[in-house]
Amino acid sequence: MKIFKNKGFFFKSVLLHVFLVIIIAFVSVNFWENPIYDTIINSTNATMQGSKDISLIIIDNKSLESYRWPWARSLYGEIFEYFNKYTNAKVLVFDSILNSLDKERPASSDQFFFDTVAKSDNFIGGYMAMGQAYKNPDEGSLYDENFHKKFSIDITDERTRDNSRYSIYKSLTMFPKAYFDAQKYTGSVNLNLDPVDGVLRESTDLISYNDNFYPSIALRAYMLANNTNKITITNKYIVVDKTGLKIPVFKKNGDIKHNIKFCKQFPNSDVSHKSYSAIDIINSDRLLKNGKKPLINPAEFNNKIILVGANALGVEDVLVTSVSLKHPGVDIQATILDNFLNNEFLVKFTLWQNIAVIAFLCILTFAVIRFFAFIPSLIILIGIAVLYLILCIFCFKNNIIPYVITPIAVQLSTMIFGYSYRFILEGRNKEKIKNAMGKYLSQDIMKNVVQNIDDIKLGGKKATVTVLFADIRGFTSMSEKMTAEEVSVILNEYFSEIEPIITKYNGVINKFIGDAVMAIFGEPIQDINHPQNAVKCACAMLKKVDQLQDKWLFEGKPKIEIGVGINTGEAFVGNIGSEKRLEYTVIGDTVNLASRIESYNKVYKTNLLISSSTYTYVSDIVDVIKIADVTIRGKAKKMDIYEVLRISD
């Protein structure tokens, strides 16, 4: 095969292929990669149990059976009092946003909670950065200033590229003053979902706000657990002081993120970390105050990081993630924290790495097609695709994430391009296909011929078919008053509108006879309901002509009407003619009778007539008027025909 025999065609083909690759890659990356990513993550990567150093305290259905929602703040106070007084928990994380006082309950309820928080040196409250501006800009500006003074961390920015502090946020949820004063640490709870499918796959570790970076609640918890307030940002990592933890990150919408490595969830549970009911913690606190044995031994929480959140029916804080359709927010935060504690992170291929993989597969695919015959090359290419998928699974198991489906999709497009280009240049089967197309009019017949291109011959078979004739009434006299171009326009529009209707009902247009159409049902498309479909097709054709009449009247064209005749019976179906020129058609009395029945539309001023043989098949789906004892030319005996009025309900 001479690749460069036609250089112009070759380079145009390459440009077309590159264009198609770009489109396929765009669609694949935006719509196919993420579902495949989730499937592989769920089956091969999310295998590690949640860290035993993390415990979840969940306001669950059991908790709400004791106290209706929303809860009094004093109940939260009792939860954190339990951990302050009776445990040696490392960090207490409150995965909730509290931005107002409880006006429905006594102020003492809020105050008890705030006092409990003030006594805690390891409490971290949650807040959220917002896209809306403050209602009161002056008040908001003052709040931001105080927030930065109290809650900012020590950040060294060593980035040498993409080091802007662009931010999509314009405000923060505002703590009530007493809560603001009580807290010593805080962290953002922002979790940004994928805008295409709404699935969470990334953790926002540092939010960019007012030219500053602020840590997420999970990162802040890790830092507090390791007694550090300092991090360093490089081009590829967040490096935590003291521990030296290097979090592989990327920048998106101004924020700094990492890809979440999810943990294996407990059986019949939505969480991947050990959890306790909030009401059991409250009751344990009360029992300990009264000198009684608690429901939960405080020693279970020594040196643990505690996260408190809600997941009861009606108050769920849930998101869709790669491993769950209803993943509790508190467990998501615990999972992000788990990544830090275990130094387990997913590292995605960079854009250029993925492009390099795609380019390599394209070149390799084209080379295989170039140097191997069709069957061997196809086997080799399938093997390459399978090996690539196996390699991807291996990478996922080792926390390395390349594109999975995009290289395969591009390889498939390259295979199609390569084989098409090869077959075009070699000219295989070109003349056979060209000759076959010249012998047939119907697309369905043409497909049948192409599939059996080496077995085209004269002959056929007897089969029961339904034949439909449709003729434009008075077209000869009408065409005498019109120019040839006007006649052509009307006929072409009419035929263009009815052809898809016939195709829809499994019919095949056998031939156009001037202004008439002959269609076959039951062959070559096998359809046991061909009589019913033929009648339904005729009704649809008549309806379409009614619509065209309105259009043509508006355009100043003459009004045309059609008559349709249908007959069902046995006929010869197959190829007739000579070895050099074939025609696929139906022959026999069934065909002649259908044509003659159609001609009686002019006699009886009808639009759709069917034979008695067709009527026996469709009697249960049509409303008809019987026309008895009709003399049909060529028939010795009179016969009944039927005018179809409508398809019945």
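**Notes on the predicted model**

1. Aromatics are a good way in: 36 aromatic pairs turn up in the structure. One of them is F83 with F301, an edge-to-face pair at 5.1 Å centre to centre, with 80° between the planes. This pair links distant parts of the chain: F83 belongs to helix α3 (residues 73-86), while F301 sits in the loop between α8 (278-289) and β16 (305-310), and the two are 218 residues apart. Both F83 and F301 are buried. Keep in mind throughout that this is a predicted model.

2. Next, the nonpolar cores. The largest one has 60 residues, and I247, L307 and F340 are those with the most contacts inside it. Helix α7 (residues 217-225) supplies the largest share of this core, eight residues. Apart from it lies another core, this one of 45 residues, including F123, Y134, Y169 and A312.

3. Back to L307, one of the residues with the most contacts inside the largest core. Leaving aside residues up to four places away in sequence, L307 touches I54, S55, L56, I57, V93, V330, Q333, A334 and L337. So what does the general trend say about cores like this? In soluble globular proteins, nonpolar side chains tend to be buried together.

4. There is also a nonpolar patch on the surface, formed by L16, F19, L20 and I23, with about 370 Å² of accessible area together. Take I23: this residue is found in helix α1 (residues 7-45). Is I23 buried or exposed? I23 has a relative accessible area of 38%, so it counts as partly exposed, given that the partly exposed class lies between 20% and 50%.

5. Now for two polar residues on the inside. N190 has its place in the loop between β7 (185-188) and β8 (202-209), and its relative accessibility is 5%, so N190 counts as buried. Which residues does N190 touch? Its contacts, not counting residues up to four places away in sequence, are Y127, M128, A129, Y169, T204 and I207. N190 and M128 are 62 residues apart in sequence, yet their C-alpha atoms are 5.7 Å apart in space.

6. The other is D110, in helix α4 (residues 107-118). D110 is buried as well, at a relative accessible area of 4%. Beyond residues up to four places away in sequence, D110 touches R73, L101 and D102.

7. How many salt bridges does the structure hold? There are 27 salt bridges. In one of them the side chains of R201 and D38 meet, at 2.7 Å from N to O. R201 is in the loop between β7 and β8 and D38 is in helix α1, so this pair ties together parts that are 163 residues apart in sequence. R201 and D38 are both buried.

8. For contrast, look at K149 and E145, whose side chains meet in a salt bridge at 3.4 Å, N to O. About one helical turn separates K149 and E145, because they are four residues apart in helix α5 (residues 137-151). K149 is exposed, with a relative accessible area of 60%, whereas E145 is partly exposed at 41% relative accessibility.

9. One more salt bridge joins K551 and E555, with the closest N and O atoms 2.7 Å apart. K551 counts as partly exposed at 34% relative accessibility, and so does E555 at 37%. Elsewhere, salt bridges that share partners join D38, D194, D197 and R201 into one network.

Note on methods:
Residues numbered from 1 in each chain as written. Predicted model: local features only at pLDDT ≥ 70, side-chain atom pairs only at ≥ 80, totals over all residues. Heavy atoms only, no water. Patch = residues over 30% accessible without salt bridge, like charges linked within 9 Å, V, L, I, M, F, W, Y side chains within 5 Å. Areas by Shrake-Rupley, 256 points an atom, 1.4 Å probe, with all protein chains shown as cover. Salt bridge = Lys/Arg side-chain N within 4 Å of Asp/Glu carboxyl O. Buried < 20%, exposed > 50% of the residue type's maximum accessible area, 1.4 Å probe, protein only. Core = buried A, V, L, I, M, F, W, Y, C linked by side-chain atoms within 4.5 Å. Contact = heavy atoms within 4.5 Å. Phe/Tyr/Trp six-rings, centres within 6.5 Å; stacked < 30°, edge-to-face > 60°.
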